[in-house]
Amino acid sequence: SMDALAEFRVQTNLYTAEYGRTAGGVINLVTKSGSNSVHGSLFEFLRNDDLDARNYFALPGPKPPFRQNQFGGSLGGPLKLNRTFYFVDYEGFRQRQSQTVVSTVPTEDARKGAFSGLNAVFDPLTTRVNPQQAGAFIRDRFPADQIPASRFDKVAEKLVALYPQAQRAVLANNFTYVPVRKQREDIFDLRADHMFTEGKFGYVRYSFNDND
């Protein structure tokens with residue numbers, strides 16, 4: 001969480017010995033600690049379809065719904081003055097976003113086995129040796145490139161039936177749908193600092209991140 005950071009540093013070369021060797025950069029994040037006074041924060045970041053422009057590819061009709069909330073807070077203070085301190089923070093993220101997806105599904109003719117004007121369709125049951133070319137085979141073409149319904153595979157028929165109907169009479173990009181993408185994230189940190197003597201201190205920290 002942003003409210004949990006006291007320091008953010010990026011090193012790109014000439015690392016100290018504690019980091020060894022690496023081909024990329026080194027990113028250091030230092031979390032906040034408590035102090036002798038109590039400090040805290042609260043925040044909420046909001047986005048929704050009332051504030052955003054309409055997707056250019058969206059279907060006609062009402063604007064697809066969009067809800068996004070990012071919220072949280074932090075609190076730090078003393079457990080024992082000048083000696084022991086605590087710091088806690090939490091951040092939540094919730095998003096419900098409609099996404100416009102343009103896809104391709106079988107046309108009505110394709111469902112009926114009609115491929116006239118698209119591709120030549122040959123009957124695999126008529127495969128035979130080509131008498132005019134050694135080692136080659138030939139097949140008979142279906143009349144008008146129409147596969148008879150009696151030749152449809154029963155499993156394939158059930159699979160094709162699972163596809164939605166095409167919305168436009170074109171071969172590709174003929175179906176648009178708007179699924180809702182859901183995202184949830186919860187983050188929190190717990191930190192305790194203790195000053196043993198002047199210049200000598202230690203801390204323990206527990207961080208949690210759950211994302212669905």
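1. Of the contacts in the protein chain between residues at least 6 apart in sequence, 61% join residues at least 24 apart. The model is predicted, and all that follows refers to that prediction.

2. The protein chain has two helices and eleven strands, in the sequence order β-β-β-β-β-β-α-β-β-α-β-β-β. Its radius of gyration is 32 Å, well over the 17 Å that the globule rule gives for 212 residues, so the chain is more spread out than a compact globule. Along the principal axes, the C-alpha atoms fill a box of roughly 100 × 50 × 30 Å.

3. On exposure, 24% of the 212 residues in the protein chain are buried. The accessible surface of the chain is about 15200 Å², and carbon and sulfur atoms account for 57% of this area.

4. The structure contains four aromatic pairs. One of them joins Phe188 and Tyr206: the ring centres are 6.1 Å apart and the planes stand at 45°, so this pair is tilted; the tilted class lies between the cut-offs of 30 and 60 degrees. The pair links distant parts of the chain, with Phe188 in strand 10 (residues 180-197) and Tyr206 in strand 11 (residues 200-211), 18 residues apart.

5. Are the two rings' residues buried or exposed? Phe188 has 29% relative accessibility and therefore counts as partly exposed. Tyr206, at 47%, also counts as partly exposed. Phe188 and Tyr206 form one aromatic cluster with Phe208.

6. A charged side chain also meets a ring: Arg191 lies over the face of Tyr203, at 3.9 Å from the ring centre.

Conventions
Residues are numbered from 1 along each chain as its sequence is written. This is a predicted model: local features need pLDDT of at least 70, side-chain atom pairs count only at pLDDT 80 or more; totals for chains, interfaces and linings use all residues. Side-chain values use heavy atoms; hydrogens and water are left out. Rings of Phe, Tyr and Trp (its six-membered ring) pair if their centres lie within 6.5 Å; planes under 30 degrees apart count as stacked, over 60 as edge-to-face and the rest as tilted. Helices (H or I, at least four residues) and strands (E, at least two) are DSSP runs, numbered from the N terminus. Buried means under 20% relative accessible area, exposed over 50%, partly exposed in between (1.4 Å probe, protein chains only). A charge sits over a ring if NZ of Lys or CZ of Arg is within 6 Å of the ring centre and within 35 degrees of the ring normal. The radius of gyration is taken over C-alpha atoms; the globule rule is 2.2 Å times the number of residues to the power 0.38. Contact means heavy atoms within 4.5 Å. Accessible areas come from the Shrake-Rupley method with a 1.4 Å probe; for residues, only the protein chains shown count as cover.
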